[in-house]
Amino acid sequence: MNHPEELYTFAEDAPTVPEGLHLVAGLTGFADAGAAVAQVTTAVLGSLETELVAEFDPDVLLDWRARRPVITFEHDHIAAVEPPRLRLHLVRDEIGQPFLFLSGYEPDFQWNRFVRAVTDLAADLRVADTTWVQSIPMPVPHTRPISLTVSGTRADLVEQMSVWKPETQAPANVLHLVEHRLSELGRTVTGLVLLVPHYLSDTEFPDTAVAALSGISSATGLIFPSDELREEGREFRTRVDEQVAGNEELQRLVSVLEERHDTYMEGNPIGSPLTGVDGQVPTADAIAAELERFLADRRPDGEATTD
């Protein structure tokens, strides 16, 4: 039998996990507009005190040909191999509050078994609640704050934070399935989906990570490091604004996105912040084309980021 607990192994020196912690999750793979989840992962694991609790088996969950390990080649030999990892850490936030953090790749295989593994782990470790984050590209302007769609069992957070509440069908992240299962089990779960300007979705847009960390803080009370990301965000927006200011066509297109957004936020009767009264999504293809050279400066080695 394919027991869910066989998907992961506890670390040899795994810490004792207190009961009643928040579980925070963010996985990369299907969609990570603005590199929000990747930046959150770096901020959490790179800036806070962490201890490895468990690691999932990539030989079972991962398509290695689609997401190959990264090697470091030095002159005449392979100096290091960096395989994709999916791990659960015990982390302490900026004021010492412990929480669990599930991060890494989104599995390619055995989703149902993985969902059972995560929900069983949450039960076994007696977590208080689960909060997960994702970011998706949307035709919204970079000149406005990053908005959220909030799902799950926390009606208070949906009321306070969810700007766009669509009735739609869309491809799922595996954490959607985790959320659905936790909801069925009567456990507290919150999904935070960031709506990222689609013409910046292939960049490392710091504002997305700031918005994600802020949303997680609102759901959990945890405190995260964000000063560096905020400063990077200010510099990034300044450079984008300078590029837009020098092109009248870009100005018009951004203005259209702003008008749609502001009309929706003012409560006027349009069905979505993403469309006009005619129901048509405004194009931003010209924005993407004009900013392509500029945006390449935010990508490693000038290449677009990939999953």
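This passage describes a strand hairpin with its surface patch, a helix with the loop before it, and one buried strand residue in a predicted model.

Residues are numbered from 1 along each chain as its sequence is written, and side-chain values use heavy atoms, with hydrogens and water left out. Because the model is predicted, local features need pLDDT of at least 70 and side-chain atom pairs count only at pLDDT 80 or more, whereas totals for chains, interfaces and linings use all residues.

Strand 4 (70–74) and strand 5 (77–82), strands being DSSP runs of E of at least two residues, numbered from the N terminus, run antiparallel and are joined by 5 bridges; two strands are taken to pair if DSSP finds at least two bridges between them. Within this pairing, T72 stands opposite A80 in strand 5. The two strands form a hairpin with 2 residues between them, and H75, found in the loop that links strand 4 and strand 5, has a positive phi near 65° although it is a residue other than glycine. H75 counts as exposed because its relative accessibility is 80%, where exposed means over 50% relative accessible area, buried under 20% and partly exposed in between (1.4 Å probe, protein chains only).

The same hairpin strands each supply at least two residues of a nonpolar surface patch, which is formed by I71, F73, I78 and V81 and has about 400 Å² of accessible area together. Such patches are made of residues with over 30% relative accessible area and no salt bridge, nonpolar side chains (Val, Leu, Ile, Met, Phe, Trp, Tyr) being joined within 5 Å and like charges within 9 Å; a salt bridge is a side-chain nitrogen of Lys or Arg within 4 Å of a carboxyl oxygen of Asp or Glu, and areas come from the Shrake-Rupley method with a 1.4 Å probe, for residues with only the protein chains shown as cover. F73, which lies in strand 4, counts as exposed because its relative accessibility is 52%.

A positive phi, of about 55°, also occurs at A35, which is not a glycine. A35 is found in the loop between strand 2 (22–28) and helix 1 (36–47), helices being DSSP runs of H or I of at least four residues, and it counts as buried because its relative accessibility is 13%. The buried residues of helix 1 include A36, V40 and V44.

T190, in strand 10 (residues 189–197), counts as buried because its relative accessibility is 1%. Leaving aside neighbours within four places in sequence, T190 is in contact (heavy atoms within 4.5 Å) with T130, T131, W132, V150, S151, R154 and L157.
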